Amino acid sequence: MRQECGGSPLGLVTNRLALREFVEADRTAVLAYQRDERYLRYYPWDGRSPADARAFVGMFLEWQREQPRRRFQLAITLKANGALIGNCGLRRKPGKDWEADIGYELNPEHWGCGYATEAAQALVNFGFRKMGLDRISSWCIADNTASTRVLERLGFRQEGRLRRNEYFKGRWWDTLLYGLLREEWKAT
Ligand SMILES: CC(C)(COP(=O)(O)OP(=O)(O)OC[C@H]1O[C@@H](n2cnc3c(N)ncnc32)[C@H](O)[C@@H]1OP(=O)(O)O)[C@@H](O)C(=O)NCCC(=O)NCCS
């Protein structure tokens, strides 16, 4: 059954993480890691300013006010100390109630610990159990192995490769499209 999930703020808890709604003050922690060269590698941005971080977090605050709610982007925090280490979200496609796009990013200081996989798995479960989705999709820069590994670990299948689909930082980039269907999720 399809649900709208409007109203109360969303919170998800995993073994090591608490995923919560963004608040304005989070922009400081977001800016700190988005300025990191390692983070910027597969994005068109050369750097990030305080105004960029304000707009970035502001977009997620705006999504919280949607009625009914179609987009969720949650702050990923460590249960151990409450520190914000990234974010992860599910955004329904315009005019498509059954499909949402998943996206995630982490502070490079916390890469390689399985946090992205843990957070994204919680979002995927939420998407199929509570949002009533039938399909979750994602796309990423083909060279971004860490990101493709997260999707593959969650059972996503690669559905296509768009050659020279992006141009930034003086070169072309292929992008990969991934999808996970409800029945494939159930089988895991
Ligand atoms: C993509 C990202 C969120 C992965 O975060 P993470 O917490 O390191 O991921 P995990 O620890 O859950 O690891 C997932 C897999 O990626 C691999 N991985 C992690 N960092 C890697 C790196 N720098 N290079 C290659 N593989 C890497 C892990 O070994 C693991 O693979 P395995 O299952 O074969 O062991 C993180 O690299 C990131 O924030 N990148 C910048 C933002 C971004 O690119 N977001 C995605 C946009 S599509």
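Two strands count as paired when DSSP finds at least two bridges between them, and that idea will help you follow much of this briefing. Welcome to a predicted model. One bridge to start with links Thr 77 to its partner Leu 84 in β4. From there, we can tour the strands, the core, the shell around the ligand and one loop residue.

**Strands β3 and β4**

- Strand β3, made of residues 71–78, is joined to β4 by seven bridges, and the two run antiparallel.
- The hairpin of β3 and β4 has five residues between the strands, and here Gly 82 takes a positive phi near 80°.
- How much of β4 is buried? Eight of its 10 residues are, so β4 is largely enclosed by the rest of the structure.

**Strands β4 and β5**

- Strand β4 covers residues 84–93 and pairs with β5 in the antiparallel sense, over eight bridges.
- Two partnerships are easy to look up: Arg 91 has Asp 101 in β5 as its bridge partner, and Leu 90 stands opposite Ile 102, also in β5.
- In the hairpin that connects β4 and β5, two residues lie between the strands, and Gly 95 takes a positive phi near 75°.

**From β5 to β6**

- Strand β6, residues 135–141, runs parallel to β5, and three bridges join them.
- The chain gets from β5 to β6 by way of α4, forming a β-α-β crossover that is right-handed.
- For a landmark on this pairing, find Glu 99, whose bridge partner in β6 is Arg 135.

**The nonpolar core**

- As background, nonpolar side chains in soluble globular proteins tend to be buried together.
- The largest nonpolar core in this model has 41 residues.
- Which residues have the most contacts inside this core? They are Ile 76, Cys 88, Ala 119, Ala 120, Leu 123 and Val 124.
- Helix α4, spanning residues 115–129, gives the most to this core, supplying eight residues.
- Cys 88 is a good place to zoom in: leaving aside residues up to four places away in sequence, Cys 88 touches Leu 19, Leu 74, Ile 76, Tyr 104, Ala 119, Ala 120 and Leu 123.

**Around the ligand**

- The ligand is surrounded by 20 residues, and the closest are Ala 116, Thr 117, Cys 140, Ala 146 and Arg 149.
- Sorted by class, this shell has 11 nonpolar, six polar and three charged residues.
- Strand β5 (96–106), α4 and α5 (145–153) each supply at least two residues of the shell.
- Which element gives the most to the shell? That is α5, with six residues.

**A loop residue: Arg 35**

- Look for Arg 35 in the loop between α1 (27–34) and α2 (37–40).
- Is Arg 35 buried, exposed or partly exposed? It has 15 C-beta neighbours inside 10 Å, and therefore counts as partly exposed, since a buried residue needs 20 or more and an exposed one has 12 or fewer.
- Setting aside residues up to four places away in sequence, Arg 35 touches Gly 47 and Arg 48.
- Arg 35 and Ala 53 are 18 residues apart along the chain, and their C-alpha atoms are separated by 9.9 Å.

Definitions and conventions
Residues are numbered from 1 along each chain as its sequence is written. This is a predicted model: local features need pLDDT of at least 70, side-chain atom pairs count only at pLDDT 80 or more; totals for chains, interfaces and linings use all residues. A nonpolar core is a set of buried Ala, Val, Leu, Ile, Met, Phe, Trp, Tyr and Cys residues joined through C-beta atoms within 7 Å. Helices (H or I, at least four residues) and strands (E, at least two) are DSSP runs, numbered from the N terminus. Two residues are in contact if their C-beta atoms, placed from the backbone, lie within 7 Å. A residue is near a molecule or strand if its C-beta atom, placed from the backbone, lies within 6 Å of it. Ala, Val, Leu, Ile, Met, Phe, Trp, Tyr, Cys and Pro count as nonpolar, Asp, Glu, Lys and Arg as charged, and the others, Gly among them, as polar. A crossover is right-handed if, with the strands pointing away from the viewer, the path from the first strand over the helix to the second runs clockwise.
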